[in-house]
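Here are a few exercises on pockets, a ligand and some backbone oddities. Grab your viewer and work through them in order.

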Amino acid sequence: MIAIAAVDRNWAIGKDGKLLANIPADMKYFREETTGNVIVMGRKTLDSFPGGRALPDRVNIVLTRDMSFERKNVVVAHSVEELDEILAEYDKDRVFCVGGSSVYEQLLPKCDKAYITQIDYEYAADAYFPNLDEKAEWVKTQESEEQTYFDICFAFTTYERR
Ligand SMILES: NC(=O)c1ccc[n+]([C@@H]2O[C@H](COP(=O)([O-])OP(=O)(O)OC[C@H]3O[C@@H](n4cnc5c(N)ncnc54)[C@H](OP(=O)(O)O)[C@@H]3O)[C@@H](O)[C@H]2O)c1
């Protein structure tokens, strides 16, 4: 499984159920990496998408403990164990963990790669990605040139499990 996230200098990813920044190049990168593949997310992240709708052209798997939860074009998993059963039929290199905080935390042990967009700013936040720079088993293996979107500076990085 591959984690994909946009983080700030403190590994913050969101506030009040929303992203910290909307950077078109990052959205495009996310779309290109995940289209045609499988995305796994928490119910709150699904609700943060426009209209709370599944993203097109991807298998959308949503974790929720709500046994009556249903949504168009969404495969529901009620536990990590149920998720494992669903994922058994997919190539693990095609499965992306797309958040949020609680799901990154729980699924990071299953990830061997992480595509991290690093935004050079400190936002007020209430949701975080685990700090991979503090984890001995993770190493940054790639970093793009610095990019800019108006006054926001960011870079696309890859971390891999040693
Ligand atoms: N920057 C980024 O790359 C990025 C990416 C994604 C999200 N985000 C941000 O992250 C924030 C949301 O993160 P979050 O941690 O609050 O929410 P979340 O992880 O998206 O969703 C949490 C929900 O997922 C379900 N869930 C989690 N673990 C489960 C398990 N083991 N079994 C069954 N259901 C489970 C529960 O749903 P029920 O309550 O329905 O039971 C739980 O309330 C937002 O601000 C969002 O914008 C940022």
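**Exercise 1. Find which backbone atom near Ile13 or Ala6 pairs with ligand nitrogen, and add any side-chain partner.**

Step 1. Start at Ile13: a polar backbone atom there is 3.1 Å from a nitrogen atom of the ligand. Keep in mind that you're working on a predicted model.

Step 2. Move to Ala6, where a polar backbone atom lies 2.8 Å from a ligand nitrogen.

Step 3. Now look for a side chain. Gln106 offers an N or O atom 2.8 Å from a nitrogen atom of the ligand.

Step 4. Check the cover: taken alone, the ligand exposes 930 Å², and the protein buries 86% of that.

**Exercise 2. Describe the shell around the ligand: how many residues, of what classes, and from which elements?**

Step 1. Count first. The ligand is surrounded by 28 residues, with Arg43, Thr45, Thr64, Ser102 and Gln106 the closest.

Step 2. Sort the shell by class and you get ten nonpolar, twelve polar and six charged residues.

Step 3. Map the shell onto secondary structure. At least two residues apiece come from β1, β2, β3, α2 and α4. The largest share belongs to α4, with five residues.

**Exercise 3. Work out which pocket the ligand takes up, then characterise that pocket.**

Step 1. The ligand's space turns out to be the largest pocket, which has a volume of about 1300 Å³.

Step 2. Go to the lining. It has 49 residues, and Thr45, Ser48, Phe49, Val98 and Gly100 lie nearest the pocket centre. Elements giving two or more residues to this lining are β1 (2-7), β2 (12-15), β3 (18-19), α1 (24-34), α2 (43-48), α4 (101-107) and β8 (113-119).

Step 3. Split the lining by class: 23 nonpolar, 16 polar and ten charged residues.

**Exercise 4. Do the second largest pocket: what is its volume, and which residues lie nearest its centre?**

Step 1. Its volume comes out at about 160 Å³.

Step 2. The second largest pocket has 13 lining residues, and those nearest its centre are Arg9, Gln118, Ile119, Asp120 and Glu143.

Step 3. For the elements, β8 and β12 (152-161) each put in at least two lining residues. The biggest contributor is β12, with three.

Step 4. By class, the lining of the second largest pocket holds six nonpolar residues, one polar and six charged.

**Exercise 5. Scan the backbone: where is there a cis peptide bond, and which residue that is not a glycine has a positive phi?**

Step 1. Recall what you'd expect: most residues other than glycine have a negative phi, and most peptide bonds are trans.

Step 2. Check omega. The bond from Gly99 to Gly100 is cis, with omega near 0 degrees. Gly100 sits in the loop between β7 (95-97) and α4, and you've already met Gly100 among the residues nearest the centre of the largest pocket.

Step 3. Check phi. Asp16 is not a glycine, yet its phi is positive, about 50 degrees. You'll find Asp16 in the loop between β2 and β3, and both of those strands supply residues to the shell around the ligand.

Terms used: Residues are numbered from 1 along each chain as its sequence is written. This is a predicted model: local features need pLDDT of at least 70, side-chain atom pairs count only at pLDDT 80 or more; totals for chains, interfaces and linings use all residues. Side-chain values use heavy atoms; hydrogens and water are left out. On a 1 Å grid over the protein atoms alone, a cavity is a set of points where a 1.4 Å probe fits but cannot get out, and a pocket is an open set with protein on both sides within 12 Å along at least five of seven lines; lining residues have an atom within 4 Å of a point. Grid points are joined across faces, edges and corners, and a volume is the space filled by probe spheres set on the points. Helices (H or I, at least four residues) and strands (E, at least two) are DSSP runs, numbered from the N terminus. Ala, Val, Leu, Ile, Met, Phe, Trp, Tyr, Cys and Pro count as nonpolar, Asp, Glu, Lys and Arg as charged, and the others, Gly among them, as polar. A residue is near a molecule or strand if one of its heavy atoms lies within 4 Å of it. A polar contact is a pair of N or O atoms within 3.5 Å; within protein, one must be able to donate a hydrogen and the other to accept it, and residues adjacent in sequence count only if both atoms are side-chain atoms. Accessible areas come from the Shrake-Rupley method with a 1.4 Å probe; for residues, only the protein chains shown count as cover. A molecule sits in a cavity or pocket if more than half of its atoms lie within 2 Å of its grid points.
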